[in-house]
Amino acid sequence: MKAVVTVTGRDVVGIIAKVSAACAEYKANIVDISQSVLSEYFAMIMVVEIDQIAVEFTRFVDAMTALGEQNGLVIHTMHEDVFNAMHHI
Amino acid sequence: MLNMNDILETIHMIEGENLDIRTITMGISLLDCASEDEDRFCDKIYDKITRRAEHLVSVGEEIEKMYGIPIVNKRVSVTPLAIAGGALSPDGFVRAAKTLDRAADTLGINFIGGFGALVHKGFTIGDRNLLAAIPQALSETGKVCSSVNVASTKAGINMDAVKQMGDIIKETAYLTRDNDSIGCAKLVVFTNVPEDNPFMAGAFHGVGEPDGVINVGVSGPGVVASAIRRAGDCDFSTLADIIKKTAFKITRMGQLVAYEASRRLDTPFGIVDLSLAPTPAIGDSVAHILEGMGLERCGAHGTTAALALLNDAVKKGGVMASSHVGGLSGAFIPVSEDQGMIDAVSCGSLTLDKLEAMTAVCSVGLDMIAIPGDTPAEVICGIIADEISIGVANTKTTAVRVIPAWGKKPGDMVSFGGLLGYAPVMKLNEMSPAAFIARGGRIPAPIHSLKN
């Protein structure tokens, strides 16, 4: 199973490093990253595998949200099922 | 395979367009709680509700976090109390209502529905006792919702019940006069009432339902309004297709949440209700969808056609997205819960007569409409009879939830707070239908009810 992590906010040094480190800490394996910066606005979408995750998925969601708040970013972590349900028949 | 555009679209719907799951409602049968001992009945219903729905709120919150979609309400509906508690006295029904309220507090839910009766063909003793208890029950509880089905296409209209509901609404308004007559916001008069509706105040758990069931109501007027806005000038076929595609996506979200809630709560999945349910929040209005189609204001001539197109397209899009569709499934047009409707009434564009016409093509009826506090009971009965006739003749659900706001006059504002919103008091036709209402008896079922 996978989850989608989206990160948005003002661009500063080290955003990818911090988010990746948190994923590693919780054993969420990053399988895809798409990232861009537009007029100092940072936007990233990561797809991570959550089968081997170290904690309950909802706690991982909380941890990522908190990481965003600590760094002035907005981080959403959502189970892939929601995208598959909405966009695939 | 996850597509980046799809991911961004979903997140934008949730973050920018108010997409949410409006309610997960657990239906619970109270038929096995029947007892002629009032204490025992109250104990049994409290125990069953709090046991069955013990994890409803926590599971709802877990799903909310897992999928990143807000689930605004977690609620419970129960077997109509007039059936489960058929042996109770009026005082007993008031106690039972307070027990439901206490159970709702224990569970942490915001409404519990089912303090009602089905009287479309006549009254049982239990029905009469429950109806007598409604005003006091609604004034002495905060979370209990009541609905009374007074007609059906098969049975015709029980005009004795219509007459009685006029008095009950007036008395409820008086007993809750210190709070803008809010008791009436929790009381709905129905025809052809669905037995699996997850939305309040009309939700109850029908007698043909299993012991427990999970029904989900989706929302998303903001998403539909944005899709229409983005489409710009297009013809009606294209417009209908855009609404269908959007409704499909919204409903798939509801189906996913319903399936997951059903699995985690070990309770069968019932239905997804496709209704577009507005809230007073900016960008969450059904009126604004209609205005987005090209009407200067909701209520303009053309509004009924626009609503008919919307309602039909939402159903066509939604029906393939869910394995079981039910409940009310149509666009809601509650005045106080929809900023666009409130504005349209305030500026004089939307009148009660136009609202009545609109209910012929959408799902509910005259919903959350504040009327002058000195409205005579028989005028309220006339409003109910008209609205119920539309439902009976068209083989559809219609309902009336009007609030004769105590001490208020046309143009005054009443405020109910939260999702119930606020509303300007609407002017009524003051001619009296008293002699018509006083006839009593039943209006026979229409000829097209004989389908066998």
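These legends walk through a few close-up views of a predicted model. Residues are numbered from 1 along each chain as its sequence is written, chains are lettered from A and ligands numbered from 1 in the order in which they are written. Since the model is predicted, local features need pLDDT of at least 70 and side-chain atom pairs count only at pLDDT 80 or more, while totals for chains, interfaces and linings use all residues.

**View 1. Helix α1 of chain B, residues 4-16.** Helices here are DSSP runs of H or I with at least four residues, strands are runs of E with at least two, and both are numbered from the N terminus. α1(B) has 13 residues and spans 17 Å from first C-alpha to last, close to the 18 Å expected (1.5 Å times one less than the number of residues). Just after α1(B) comes B:Asn18, with a positive phi near 60°.

**View 2. The two faces of α1(B).** On the buried side sit B:Ile7, B:Thr10, B:Ile11, B:Met13 and B:Ile14. Buried means 20 or more other C-beta atoms within 10 Å of the residue's own, exposed means 12 or fewer, and partly exposed is in between, with C-beta atoms placed from the backbone. Looking down the axis, the buried residues of α1(B) fall within an arc of 155°, so they line one face of the helix; the arc is taken from the directions from the helix axis to the C-beta atoms. The face turned away from that buried side carries exposed B:Met4, B:Asn5 and B:Gly16.

**View 3. What the buried residues of α1(B) pack against.** From chain A, the partners are β1 (2-10), β3 (41-49), β4 (73-79) and α3 (81-87). Chain B adds its own α8 (221-231). Contact means C-beta atoms, placed from the backbone, within 7 Å.

**View 4. Domain 1 against domain 2 in chain B.** Chain B splits into domain 1 (25-191) and domain 2 (217-443), with bounds from an automatic or database domain assignment. Their centres, taken over C-alpha atoms, are 22 Å apart. In this contact, 39 residues of domain 1 meet 44 residues of domain 2. On the domain 1 side, α7(B) gives the most, with eleven residues.

**View 5. B:Met320 in its loop.** B:Met320 is found between α11 (303-319) and α12 (339-346) of chain B. It counts as partly exposed because it has 14 C-beta neighbours inside 10 Å. The C-alpha atoms of B:Met320 and B:Arg252 are separated by 8.9 Å, with the two residues 68 apart along the chain.

Key
Two residues are in contact if their C-beta atoms, placed from the backbone, lie within 7 Å.
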